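This report covers strands, loops and charged side chains. Start with the model itself.

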Amino acid sequence: MEVINAIGRRKSSVARVYLSEGTGKITINKKDLTEYFPSAILQYVVKQPLNLLEVAEKYDIKVNLDGGGFTGQSQALRLAIARALVKVNEEDKKALKDQGFLTRDSREVERKKPGRPKARRRFQFSKR
């Protein structure tokens, strides 16, 4: 099997995934998964598509992660892994789609408007 690549995005995070046959090792920016995401919840989020299809020990995953915070990065990585698994086996698409792992969360930060402290927040109104 050749190396399969996929991309996942969330907020301002971009995850580029390279999936190949192996022993289940996940390397993110040349660090181990547990080192990059110390939180067990974020590790769980990243492994969700692999655990759903029960292929966690079947593939080695090399990841380039860029931008955003740790939550956005973990969710971008989940999307990228799910897309790569669909490229490997097209029959897995329905199971991943039903769980919502193939849906790109399109919510982005709204820009700050001039004359306001934040995007929608206004300064306190004073009648007198």
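## Loops and backbone

Asn29 sits in the loop between β3 (26-28) and β4. Helices (H or I, at least four residues) and strands (E, at least two) are DSSP runs, numbered from the N terminus. This is a predicted model, in which local features need pLDDT of at least 70 and side-chain atom pairs count only at pLDDT 80 or more, while totals for chains, interfaces and linings use all residues. Residues are numbered from 1 along each chain as its sequence is written, and side-chain values use heavy atoms, with hydrogens and water left out.

Asn29 is not a glycine, yet its phi is positive, at about 50 degrees. Its relative accessibility is 31%, so Asn29 counts as partly exposed. The classes are buried (under 20% relative accessible area), exposed (over 50%) and partly exposed (in between), with a 1.4 Å probe and protein chains only.

Glu54 belongs to the loop between α2 (40-53) and β5. Glu54 also has a positive phi, near 60 degrees, and is a residue other than glycine. With a relative accessible area of 72%, Glu54 is exposed.

Thr71 lies in helix α3 (residues 70-88). Its relative accessible area is 38%, so Thr71 is partly exposed. Thr71 and Ile41 are 30 residues apart along the chain, and their C-alpha atoms are separated by 9.8 Å.

## The sheet

In which order do the five strands of the open sheet run? The order is β1-β2-β5-β3-β4, and the pairing is mixed. β1 and β4 (31-32) stand at the edges, each with a single partner strand, so one side of each has no neighbour in the sheet. Two strands count as paired if DSSP finds at least two bridges between them.

β1 (residues 4-10) pairs with β2 (residues 13-21) in the antiparallel sense, over seven bridges. Asn5 has Tyr18 in β2 as its bridge partner. Arg10 is matched with Ser13 in β2. The two strands form a hairpin with two residues between them. Lys11, in the turn, has a positive phi of about 50 degrees.

β2 also runs antiparallel to β5 (residues 59-66), and eight bridges join the two. Here Leu19 has Ile61 in β5 as its bridge partner.

A general point helps when reading these pairings: strands of a sheet pair through backbone hydrogen bonds, either parallel or antiparallel. In a regular strand, side chains alternate between the two faces of the sheet.

## Charged side chains

How many salt bridges does the structure hold? There are six. The criterion is a side-chain nitrogen of Lys or Arg within 4 Å of a carboxyl oxygen of Asp or Glu. Three of the pairs follow.

| Pair | Closest N to O |
|---|---|
| Asp105 and Arg10 | 3.4 Å |
| Glu108 and Arg104 | 3.4 Å |
| Lys113 and Glu110 | 2.8 Å |

Take the pair of Asp105 and Arg10. Asp105 lies in the segment after α4 (93-99) and Arg10 in strand β1, so the pair ties together parts that are 95 residues apart in sequence. Arg10 is buried, at a relative accessible area of 9%. Asp105 is partly exposed, with 26% relative accessibility. Arg10 and Asp105 are also linked with Arg107 in a network of salt bridges.

Now the pair of Glu108 and Arg104. Glu108 is partly exposed, with a relative accessible area of 46%. Arg104 is partly exposed too, at 28%.

In the pair of Lys113 and Glu110, Lys113 has 21% relative accessibility and counts as partly exposed. Glu110 is partly exposed at 38%.

## The positive patch

Which residues form the positive surface patch? Arg9, Arg16, Arg83 and Lys87 do. Patches are made of residues with over 30% relative accessible area and no salt bridge, where like charges are joined within 9 Å and nonpolar side chains (Val, Leu, Ile, Met, Phe, Trp, Tyr) within 5 Å. Lys and Arg count as positive and Asp and Glu as negative, with His and the chain ends not counted. Each charge is placed at NZ of Lys, CZ of Arg, CG of Asp or CD of Glu.

Arg9 lies in strand β1. Its relative accessible area is 40%, so Arg9 is partly exposed.

Key. Accessible areas come from the Shrake-Rupley method with a 1.4 Å probe; for residues, only the protein chains shown count as cover.
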